[in-house]
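Me: I've got a model open and a pile of labels on it. Can you walk me through what earns each label?

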Amino acid sequence: MQLEDGFHDVPDGKLATVVTWLEMRSAPAPRPAPEREDLSLRRVEAPRVDWYRDLFRRVGAEDWLWFSRLVMPEAELAAILRDPKVEIYALQHGGAEKGLLELDFREDGACELAFFGLSPELIGGGAGRWLMNRALEIVWSRPISRFHLHSCTLDHPAALDFYRRSGFTAIRRQVEIADDPRLTGHLGAQSAPRIPIIR
(Lines give C-alpha, C1' and ligand atoms only; values in the text may rest on other atoms or scores of the structure.)
Protein backbone atom coordinates (compact mmCIF):
# COMPACT_ATOMS: atom_id res chain seq x y z
CA MET A 1 0.00 0.00 0.00
CA GLN A 2 1.38 3.38 -1.01
CA LEU A 3 1.02 6.06 1.68
CA GLU A 4 0.78 9.69 0.68
CA ASP A 5 3.10 12.16 2.38
CA GLY A 6 1.65 14.01 5.33
CA PHE A 7 -0.22 13.20 8.52
CA HIS A 8 -2.42 10.14 8.93
CA ASP A 9 -4.91 9.64 11.74
CA VAL A 10 -4.36 6.76 14.15
CA PRO A 11 -7.61 5.42 15.63
CA ASP A 12 -8.28 6.10 19.30
CA GLY A 13 -7.04 3.29 21.51
CA LYS A 14 -4.21 2.42 19.14
CA LEU A 15 -0.45 2.97 19.20
CA ALA A 16 1.55 3.77 16.07
CA THR A 17 5.30 3.22 16.08
CA VAL A 18 8.04 3.50 13.49
CA VAL A 19 9.90 0.18 13.30
CA THR A 20 13.45 0.00 11.96
CA TRP A 21 14.79 -3.37 10.80
CA LEU A 22 18.53 -3.92 11.14
CA GLU A 23 20.97 -6.67 10.27
CA MET A 24 24.62 -7.65 10.18
CA ARG A 25 26.08 -10.16 7.74
CA SER A 26 29.33 -10.97 9.53
CA ALA A 27 30.79 -10.68 13.00
CA PRO A 28 31.80 -7.09 13.77
CA ALA A 29 35.04 -6.02 15.40
CA PRO A 30 34.61 -6.36 19.17
CA ARG A 31 33.68 -3.16 21.00
CA PRO A 32 35.54 -2.65 24.25
CA ALA A 33 33.61 -3.02 27.47
CA PRO A 34 34.84 -2.91 31.05
CA GLU A 35 35.16 -6.15 32.96
CA ARG A 36 31.96 -6.71 34.93
CA GLU A 37 32.44 -9.33 37.61
CA ASP A 38 29.05 -8.30 38.97
CA LEU A 39 27.32 -9.61 35.82
CA SER A 40 26.77 -13.13 34.56
CA LEU A 41 24.63 -14.72 31.88
CA ARG A 42 22.54 -17.82 32.53
CA ARG A 43 20.82 -19.83 29.82
CA VAL A 44 17.33 -20.90 30.87
CA GLU A 45 16.27 -24.07 29.09
CA ALA A 46 12.55 -24.26 28.21
CA PRO A 47 11.50 -21.63 30.77
CA ARG A 48 8.03 -21.61 32.26
CA VAL A 49 5.69 -19.06 30.73
CA ASP A 50 5.06 -17.33 34.08
CA TRP A 51 8.81 -16.98 34.76
CA TYR A 52 9.41 -15.61 31.28
CA ARG A 53 6.53 -13.14 31.39
CA ASP A 54 7.63 -11.86 34.79
CA LEU A 55 11.15 -11.07 33.51
CA PHE A 56 9.72 -9.70 30.25
CA ARG A 57 7.51 -7.30 32.23
CA ARG A 58 10.29 -6.17 34.56
CA VAL A 59 12.66 -5.48 31.70
CA GLY A 60 10.41 -3.98 29.06
CA ALA A 61 6.78 -3.45 29.96
CA GLU A 62 6.69 -0.53 32.38
CA ASP A 63 9.02 1.84 30.51
CA TRP A 64 8.98 0.62 26.90
CA LEU A 65 5.51 -0.92 26.50
CA TRP A 66 6.76 -4.38 25.56
CA PHE A 67 3.50 -6.26 25.20
CA SER A 68 3.72 -8.77 22.35
CA ARG A 69 4.47 -11.72 24.62
CA LEU A 70 1.83 -10.64 27.14
CA VAL A 71 -1.03 -10.73 24.62
CA MET A 72 0.18 -13.92 22.93
CA PRO A 73 -1.83 -17.04 23.85
CA GLU A 74 -0.04 -19.05 26.52
CA ALA A 75 0.18 -22.23 24.42
CA GLU A 76 1.74 -20.32 21.52
CA LEU A 77 4.31 -18.68 23.78
CA ALA A 78 5.08 -21.98 25.52
CA ALA A 79 5.78 -23.59 22.14
CA ILE A 80 8.30 -20.84 21.31
CA LEU A 81 10.00 -21.11 24.69
CA ARG A 82 10.28 -24.92 24.39
CA ASP A 83 11.71 -24.80 20.87
CA PRO A 84 15.36 -25.93 21.03
CA LYS A 85 16.24 -23.33 18.38
CA VAL A 86 15.11 -20.48 20.67
CA GLU A 87 17.62 -19.63 23.38
CA ILE A 88 16.60 -17.62 26.45
CA TYR A 89 19.23 -16.05 28.70
CA ALA A 90 18.83 -14.13 31.95
CA LEU A 91 21.34 -11.46 32.88
CA GLN A 92 22.22 -11.90 36.55
CA HIS A 93 23.21 -8.96 38.74
CA GLY A 94 23.39 -8.91 42.51
CA GLY A 95 21.83 -12.37 42.72
CA ALA A 96 18.75 -11.31 40.74
CA GLU A 97 17.63 -11.55 37.13
CA LYS A 98 17.99 -8.07 35.64
CA GLY A 99 18.08 -8.57 31.88
CA LEU A 100 16.65 -10.65 29.06
CA LEU A 101 18.39 -11.93 25.93
CA GLU A 102 16.36 -14.01 23.49
CA LEU A 103 18.02 -15.47 20.40
CA ASP A 104 15.88 -17.13 17.74
CA PHE A 105 17.72 -19.53 15.41
CA ARG A 106 14.59 -21.04 13.80
CA GLU A 107 15.43 -19.60 10.38
CA ASP A 108 18.21 -21.58 8.71
CA GLY A 109 21.45 -19.63 8.49
CA ALA A 110 20.14 -16.71 10.54
CA CYS A 111 19.46 -15.53 14.06
CA GLU A 112 16.96 -12.95 15.22
CA LEU A 113 17.70 -10.90 18.31
CA ALA A 114 14.11 -11.33 19.43
CA PHE A 115 14.42 -9.49 22.76
CA PHE A 116 17.26 -7.61 24.41
CA GLY A 117 16.70 -5.52 27.50
CA LEU A 118 17.83 -4.50 30.96
CA SER A 119 16.08 -3.55 34.16
CA PRO A 120 15.94 0.25 34.47
CA GLU A 121 18.63 0.48 37.15
CA LEU A 122 21.23 -1.10 34.85
CA ILE A 123 20.67 1.15 31.84
CA GLY A 124 23.53 3.52 31.12
CA GLY A 125 26.18 1.78 33.18
CA GLY A 126 27.79 -0.48 30.59
CA ALA A 127 25.68 -3.58 31.23
CA GLY A 128 24.07 -3.25 27.80
CA ARG A 129 27.44 -3.31 26.05
CA TRP A 130 28.49 -6.29 28.17
CA LEU A 131 25.30 -8.16 27.26
CA MET A 132 25.57 -7.32 23.55
CA ASN A 133 29.16 -8.58 23.49
CA ARG A 134 27.98 -11.89 24.97
CA ALA A 135 25.17 -12.05 22.38
CA LEU A 136 27.60 -11.48 19.52
CA GLU A 137 29.93 -14.17 20.84
CA ILE A 138 27.09 -16.70 21.05
CA VAL A 139 25.54 -15.87 17.69
CA TRP A 140 28.67 -15.74 15.59
CA SER A 141 29.95 -19.01 17.03
CA ARG A 142 27.13 -20.64 15.04
CA PRO A 143 27.02 -21.32 11.28
CA ILE A 144 24.92 -18.28 10.35
CA SER A 145 25.29 -15.52 7.77
CA ARG A 146 22.72 -13.05 9.11
CA PHE A 147 21.97 -11.60 12.55
CA HIS A 148 18.94 -9.31 12.58
CA LEU A 149 16.52 -7.43 14.80
CA HIS A 150 13.95 -4.68 14.77
CA SER A 151 13.66 -1.70 17.07
CA CYS A 152 10.86 0.82 17.34
CA THR A 153 10.14 4.31 18.59
CA LEU A 154 8.75 2.91 21.85
CA ASP A 155 12.24 1.63 22.75
CA HIS A 156 14.85 3.57 24.71
CA PRO A 157 15.81 6.70 22.72
CA ALA A 158 19.42 5.47 22.50
CA ALA A 159 18.52 1.94 21.35
CA LEU A 160 18.82 2.49 17.60
CA ASP A 161 22.23 4.17 17.88
CA PHE A 162 23.38 1.43 20.26
CA TYR A 163 22.49 -1.26 17.73
CA ARG A 164 24.21 0.62 14.91
CA ARG A 165 27.36 1.07 17.02
CA SER A 166 27.22 -2.66 17.69
CA GLY A 167 27.54 -3.39 13.97
CA PHE A 168 23.96 -3.55 12.73
CA THR A 169 22.87 -1.68 9.58
CA ALA A 170 19.35 -0.36 9.06
CA ILE A 171 17.67 -2.01 6.07
CA ARG A 172 13.94 -1.29 6.27
CA ARG A 173 11.40 0.96 7.98
CA GLN A 174 7.73 0.25 8.71
CA VAL A 175 4.87 1.71 10.70
CA GLU A 176 3.21 -0.69 13.14
CA ILE A 177 -0.25 -0.05 14.57
CA ALA A 178 -1.51 -2.07 17.54
CA ASP A 179 -3.97 -1.85 20.41
CA ASP A 180 -2.61 0.18 23.31
CA PRO A 181 -1.92 -2.53 25.94
CA ARG A 182 -2.80 -0.07 28.72
CA LEU A 183 -6.36 0.00 27.41
CA THR A 184 -6.67 -3.75 26.90
CA GLY A 185 -5.68 -4.50 30.50
CA HIS A 186 -2.36 -6.16 29.63
CA LEU A 187 -0.40 -3.27 31.17
CA GLY A 188 -1.30 -0.74 33.82
CA ALA A 189 -2.38 2.77 32.84
CA GLN A 190 0.74 4.14 34.58
CA SER A 191 3.10 2.33 32.18
CA ALA A 192 5.27 4.50 29.90
CA PRO A 193 3.80 7.82 31.08
CA ARG A 194 5.76 9.70 28.39
CA ILE A 195 3.38 8.18 25.80
CA PRO A 196 -0.11 9.63 26.21
CA ILE A 197 -3.12 7.36 26.16
CA ILE A 198 -5.71 8.44 23.60
CA ARG A 199 -9.04 6.78 24.29
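Me: What makes Arg146 and Glu23 a salt bridge?

Reply: This is a predicted model, and in it the side chains of Arg146 and Glu23 come to 2.5 Å, N to O. The cut-off is 4 Å between a side-chain nitrogen of Lys or Arg and a carboxyl oxygen of Asp or Glu, so the pair counts. Arg146 sits in strand β6 (residues 146-152) and Glu23 in strand β1, 123 residues apart, so this pair links distant parts of the chain.

Me: Why is Arg146 called buried?

Reply: Its relative accessibility is 18%, and buried means under 20%, so Arg146 gets the label. Glu23 passes too, because its relative accessible area is 14%.

Me: And what makes Arg25 exposed?

Reply: Exposed starts over 50%, and Arg25 has 52% relative accessibility, so it counts. Arg25 also meets Glu23 in a salt bridge, at 3.3 Å, N to O. A search of the whole structure turns up 17 salt bridges.

Me: How do you know that Arg134 and Glu137 are about one helical turn apart?

Reply: They are 3 residues apart in helix α4 (residues 127-139), so about one turn separates them. An α-helix has 3.6 residues a turn, so residues three or four places apart point the same way. The closest N and O atoms of Arg134 and Glu137 are 2.9 Å apart, and the two form a salt bridge. Glu137 has 48% relative accessibility, which lies between the 20% and 50% limits, so it is partly exposed. Elsewhere, salt bridges with shared partners join Arg42, Asp54, Arg58 and Glu97 into one network.

Me: What makes the phi of Leu65 worth a flag?

Reply: Leu65 has a phi near 55 degrees, a positive value in a residue other than glycine. Most residues other than glycine have a negative phi. Leu65 lies in the loop between α1 and α2, and it counts as buried because its relative accessibility is 2%, under the 20% limit. Ala46 has a positive phi as well, near 45 degrees. Ala46 is in the loop between β2 and α1, and at 47% relative accessible area it falls between 20% and 50%, so it is partly exposed.

Me: What covers the buried residues of α1?

Reply: The cover includes β2 (39-44), α2 (68-71), α3, β3, β4 (96-104) and β5. Among the buried residues of α1 are Trp51, Tyr52, Leu55, Phe56 and Trp64. There's also a kink of about 50 degrees in α1, centred on Arg57.

Me: Which residues touch the most other members of the largest nonpolar core?

Reply: Tyr52 and Leu100 do, out of 32 residues in that core. Helix α1 gives the most to it, with 8 residues. Apart from it lies another core, of 29 residues, among them Phe105, Ile144, Phe162 and Tyr163. Back at Leu100, its contacts include Tyr52, Trp66, Ile88, Phe115 and Leu131, leaving out residues up to four places away in sequence.

Me: Why is Val175 called exposed?

Reply: Its relative accessibility is 56%, over the 50% limit, so Val175 earns the name. Val175 is found in strand β7 (residues 169-179). Together with Val10, Val18 and Ile177 it forms a nonpolar patch on the surface, with about 310 Å² of accessible area together.

Methods. Residues are numbered from 1 along each chain as its sequence is written. This is a predicted model: local features need pLDDT of at least 70, side-chain atom pairs count only at pLDDT 80 or more; totals for chains, interfaces and linings use all residues. Side-chain values use heavy atoms; hydrogens and water are left out. A nonpolar core is a set of buried Ala, Val, Leu, Ile, Met, Phe, Trp, Tyr and Cys residues joined through side-chain atoms within 4.5 Å. Buried means under 20% relative accessible area, exposed over 50%, partly exposed in between (1.4 Å probe, protein chains only). Helices (H or I, at least four residues) and strands (E, at least two) are DSSP runs, numbered from the N terminus. Contact means heavy atoms within 4.5 Å. The bend at a residue is the angle between axes fitted to the seven residues ending there and the seven starting there. Patches are made of residues with over 30% relative accessible area and no salt bridge: like charges are joined within 9 Å, nonpolar side chains (Val, Leu, Ile, Met, Phe, Trp, Tyr) within 5 Å. Accessible areas come from the Shrake-Rupley method with a 1.4 Å probe; for residues, only the protein chains shown count as cover.
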